[in-house]
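Work through the following exercises with the sequence and the coordinates open side by side. Each task is followed by a solution that goes step by step.

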Amino acid sequence: MARAEAPLAREAFDRSLLLVTPGALFMLLLFVYPFLYGLWLSFTPKTGGALANYAHFFTTDNLWPTIWTTLKLALPATLINVGLALPIAFKMRVKTPYQRIVTTVLVVPITLGTVLIAEGMLLYFGPKGWLAQFLQFFHLYDGAIRLTHNFTGVLISLVVSGFPFAFLLILSYITGIDPGLARAAATLGADPKAQFRHVYLPLLAPGLAMCFCLAFVQAFSVFPSAVLLGSPAGPTRVISIAAYEAAFEQYDYSLASAIAMIMGAVQLVIVVAVLGLRNLFYRGPVVGGKG
Amino acid sequence: MNANFSELKLDAVTRRFAGAHGAAFNALSELTMTIKRGEFIALLGPSGCGKSTALNCIAGLLPLSGGTIMLDDTRIDTLPPERRGFGMVFQNYALFPHMSVDRNVGFGLRMRGVSAAESAPRVAKALKMVQLTGQEHKLPGQLSGGQQQRVAIARAIVIEPPLILMDEPLSNLDAKLRIETRAEIRRIHTELGRATIYVTHDQDEALSLADRIVVMKDGVAQQIASPQDVYLQPSNLHVARFMGYRNVLELDVEGEEGDRVTLSGPGIRLVGTRKLPLSGKRACVAIRPEEAAIGDAGAFNAVAGEVINVEYGGRDSLVDVRTPAGAVLHVRSARPLRAGEMTHVQVPVERALVYPVT
C-alpha cells in the first residue's frame with residue numbers, strides 16, 4: 001500500500017488538475033468577473049457617495065419592503081415544496097410497479113419552464129378558467145375564484161415549478177439510506193412512525209437542509225411568474241422586479257446592481273443559517289455496517 | 001414478549017415468492033419444528049436454500065404465505081416485527097450510523113419506554129458482556145468490523161428477547177475473529193439461557209455452535225437433528241453432499257442383506273450401509289474423505305486406483321485416486337504418496353452410506 005503510493009506522492013504536478021481548467025475559466029469569465037463588476041458598479045452611483053445606492057434602497061418605500069414580499073413568497077413556497085416532497089419521496093423509496101409512473105408524472109413540470117407553467121395556470125386557475133368552470137358547474141363553490149394575479153397565483157406557480165426539484169433531491173437522499181436500518185429498528189420495537197423519526201429523519205436531515213437551500217434560492221429569485229401570475233405593482237412586487245425596473249425602466253444600472261447584491265446577501269444569510277443547522281446533525285455514510 | 005417462554009412452534013411455515021415469469025415458487029416450504037427454551041438452532045444450507053427466508057419469517061420481516069408460528073399459546077405470525085420483540089443480528093450489522101454505541105444498544109429499551117436511568121446500567125451490562133466497555137461514545141463508523149458485530153449482538157440481547165435471531169453474523173469477519181466471536185456467541189447464549197436461531201452456510205459453525213441443525217435445500221428442511229447425527233448419519237444424499245461426503249459414486253446394486261448393501265461397478269466392488277430404502281437397480285454410495293483410508297492390496301472393501309494428485313495439508317494430505325473406470329475418489333491420508341503410484345482406497349462398511357439415486 002505505502003509502496004504503491006510512494007511514486008504518486010513524488011509526482012511534482014498532478015496532471016488531472018488540468019481537467020479543472022475549462023470549468024474554472026468558465027466560472028471566472030461568466031460568473032466571478034460579472035459579479036465583481038456588478039459589486040463595483042453598485043458602489044459607483046449616479047449621485048452621492050459609495051453607499052448612496054444602499055442608503056436609497058433601505059430608505060425608499062417601494063424598495064426595501066420587496067425583501068419581505070419576496071421572503072413571504074419564497075419561504076412558504078420552499079416549506080410547502082420540501083414538506084410535500086418528503087412524504088411522497090418516502091413512499092416512493094421502495095420499488096413498486098407504479099413507482100416509475102408516479103415519479104415521471106411528478107417530474108414533468110421541470111420540463112415546462114416557468115413561463116409555460118404561468119400561461120397554463122392563467123388558463124386553468126383564472127376567473128373563467130377550467131377550475132372555476134368546473135366548480136361552478138357542480139356548484140361546489142359559487143363565490144368568485146381569484147387564484148391568479150395575486151399572491152396565491154405566484155405561490156402556486158412556485159410550488160408547481162419547485163416541487164419536482166425538491167422531490168428528486170429528497171428521493172435520491174432517501175433511496176441512499178440502507179432499508180436494513182429500518183428493519184433493524186423494527187426488530188427492536190420501533191413501529192413505522194418511530195422508524196421514520198429515529199432512523200430516516202435524522203439521516204435525512206442534512207439532505208433536507210441542502211434541499212431547502214436549493215429550493216429557497218430558486219424561489220427567492222422568482223421573476224416571470226411574479227409578473228405574469230401576480231400583481232407586480234402590489235403584493236407580489238418581489239425584489240427581482242425592483243431590480244428589473246431600476247435597470248430597464250430607470251436605466252440606473254448602478255442601483256440595479258446594488259439591489260442584486262442585496263438580493264444575494266439575503267439568500268446567503270438564509271443559506272448559511274440553514275447549513276449551519278445542518279452541522280448539528282450526523283453527516284456521513286448512511287449504511288449500517290459492511291455491505 | 002414473554003421471556004420465560006418454554007417453546008416456539010413453527011407449523012408448516014411457508015413463504016412463496018413470485019418468480020421471474022409470474023410463476024410462484026416456494027422459498028420456504030412447510031417448515032415444521034419446535035424450538036425449546038435454551039436451545040441453539042442452526043439453519044444450515046447453501047445460498048438460496050431458504051434459511052434466511054425462514055429467519056425473516058420468524059422475525060416478522062417477511063409475511064408468511066402459509067402456516068403458523070406460536071410462542072407457547074400466543075400466535076405471533078400475525079404480529080408486525082416490532083411487536084414480536086425478538087432480537088436480531090443482521091449480516092451487515094445494520095447499526096444506526098448516526099447513533100453512538102450506547103445509543104445503538106439502548107435503542108430497543110428506548111422504544112420500550114424504559115427510562116434513561118434504568119436503561120443505562122442495562123446497556124453497560126450488555127456492552128460488558130460483548131467486551132466493549134469504554135467504547136460507549138464512539139460512532140459505529142469508528143469501530144472495526146468485529147467491534148461493530150459485537151455492538152449488533154449487544155443491541156439484540158439488551159432487550160432480553162425470548163429468541164435471538166442471527167443471520168450469518170460472522171460472514172464479514174476474518175478467519176481468526178470468526179472463531180473467537182463464535183465462542184463468544186455460544187457463551188452469551190448459555191449465559192442468557194434463551195433460544196438462539198442462527199443462519200449459516202458454514203458447516204463448521206453450525207456443528208460447533210448448535211444443539212440442533214436444520215439442513216435446508218430448495219426451501220425444504222432435509223434433516224433436523226443433532227450435529228452428531230447430521231455429521232455421521234445424513235438423512236439423504238443432499239445432506240451428505242453438504243456435510244462433506246465428497247465421494248459420491250453411482251453403482252449397481254448386487255444384493256441387500258439387512259442394511260448391508262453390496263454395490264458394484266466397473267473395477268469397483270463395495271459393501272456399504274443402507275440409509276434409505278432403495279428402489280431400482282442403482283444406488284449411490286457417499287464416503288467422507290477422512291473416513292476412507294489408503295489400504296494395501298487385498299484389504300477388505302477396497303478399491304484399486306492410481307494416485308493422480310496429492311494436496312499437502314500438514315497433519316495429512318488430500319489424495320485423489322482415479323479408479324480404472326475413471327471415477328475419482330478423495331481420501332485423507334498421512335501416508336507419503338506420490339502422483340502416479342498405484343494404491344487402494346479402503347472404506348469401513350458402516351461409513352459407506354448408501355442412498356437411492358436422486
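**Exercise 1. A hairpin and its strands**

How many residues lie between β9(B) and β10(B) in the hairpin that they form, and which residue in the turn has a positive phi?

Solution. The model is a predicted one, and the steps below should be read as statements about that prediction. Begin with the turn: two residues lie between β9(B) and β10(B), and D218(B) in that turn has a positive phi of about 50 degrees. Next, take the pairing of the two arms, where β9(B) and β10(B), the latter covering residues 220–225, run antiparallel and are joined by five bridges. To fix the register, locate V214(B), which stands opposite I224(B) in β10(B).

**Exercise 2. From the hairpin to the sheet**

Determine the strand order of the open six-stranded sheet of chain B that contains β9 and β10, and identify its edge strands.

Solution. First, follow β9(B), residues 212–217, to β3(B), residues 40–44, with which it pairs in the parallel sense over four bridges; in this pair L44(B) stands opposite V215(B). Second, turn to β8(B), residues 195–200, which pairs with β3(B), also in the parallel sense, over five bridges, and in which T196(B) stands opposite F40(B). Third, assemble the whole, which gives the order β6-β7-β8-β3-β9-β10 with mixed pairing. The edges are β6(B), residues 87–89, and β10(B), each of which pairs on one side only, and the twist from one strand to the next averages 15 degrees. Finally, add the helix α5(B), residues 145–157, which packs on this sheet by touching β6(B) and β7(B), and whose direction makes about 170 degrees with that of β6(B).

**Exercise 3. A five-stranded sheet in chain B**

Why is one side of β15(B) and one side of β18(B) left without a neighbour in the sheet?

Solution. Start from the order of this open sheet, β15-β19-β16-β17-β18 of chain B, in which the pairing is antiparallel. β15(B), residues 293–295, and β18(B), residues 328–333, stand at the edges with a single partner strand each, so one side of each has no neighbour in the sheet. The twist here averages 50 degrees from one strand to the next. The partner of β15(B) is then examined: three bridges join it to β19(B), residues 342–346, in the antiparallel sense, and I294(B) has V345(B) as its bridge partner.

**Exercise 4. The two pairings of β20(B)**

In which sense, parallel or antiparallel, does β20(B) pair with β13(B), and in which sense with β14(B)?

Solution. Consider β13(B), residues 268–274, which pairs with β20(B), residues 353–356, in the parallel sense over two bridges, with R274(B) and V354(B) as bridge partners. Then consider β14(B), residues 282–287, which runs antiparallel to β20(B) and is joined to it by four bridges; here A286(B) stands opposite L353(B).

**Exercise 5. A bent helix in chain A**

Where does α8(A) bend, and by about how many degrees?

Solution. Helix α8(A), residues 151–175, has 25 residues and reaches 35 Å from its first C-alpha to its last, which is close to the expected 36 Å. The bend is at G162(A) and amounts to about 40 degrees, with a proline, P164(A), following within four residues.

**Exercise 6. The interface and the confidence of the model**

Describe the side of chain A that touches chain B, and state how confident the predictor is.

Solution. Count the contacts first: 23 residues of chain A are in contact with 27 residues of chain B. On the chain A side, α9 (179–187) and α10 (192–220) each supply at least two residues, and α9(A) gives the most, with six. By class, this side has 13 nonpolar, seven polar and three charged residues. For the complex, the predictor gives an ipTM of 0.82 and a pTM of 0.81. Chain B averages a pLDDT of 89, with 98% of its residues scoring at least 70, and chain A averages 87, with 95% scoring at least 70. Residues 1–5 of chain A, however, have a pLDDT below 50, and beyond near neighbours in sequence this stretch has zero contacts in the model. Where pLDDT is low, the predicted coordinates should not be read in detail.

How values were computed
Residues are numbered from 1 along each chain as its sequence is written. Chains are lettered from A and ligands numbered from 1 in the order in which they are written. This is a predicted model: local features need pLDDT of at least 70, side-chain atom pairs count only at pLDDT 80 or more; totals for chains, interfaces and linings use all residues. Two residues are in contact if their C-beta atoms, placed from the backbone, lie within 7 Å. Ala, Val, Leu, Ile, Met, Phe, Trp, Tyr, Cys and Pro count as nonpolar, Asp, Glu, Lys and Arg as charged, and the others, Gly among them, as polar. Two strands pair if DSSP finds at least two bridges between them. The expected span of a helix is 1.5 Å times one less than its number of residues. The bend at a residue is the angle between axes fitted to the seven residues ending there and the seven starting there. pLDDT is the predictor's confidence in each residue, from 0 to 100. Axes are lines fitted to C-alpha atoms, for helices over the stretch in contact, and angles run from 0 to 180 degrees between N-to-C directions.
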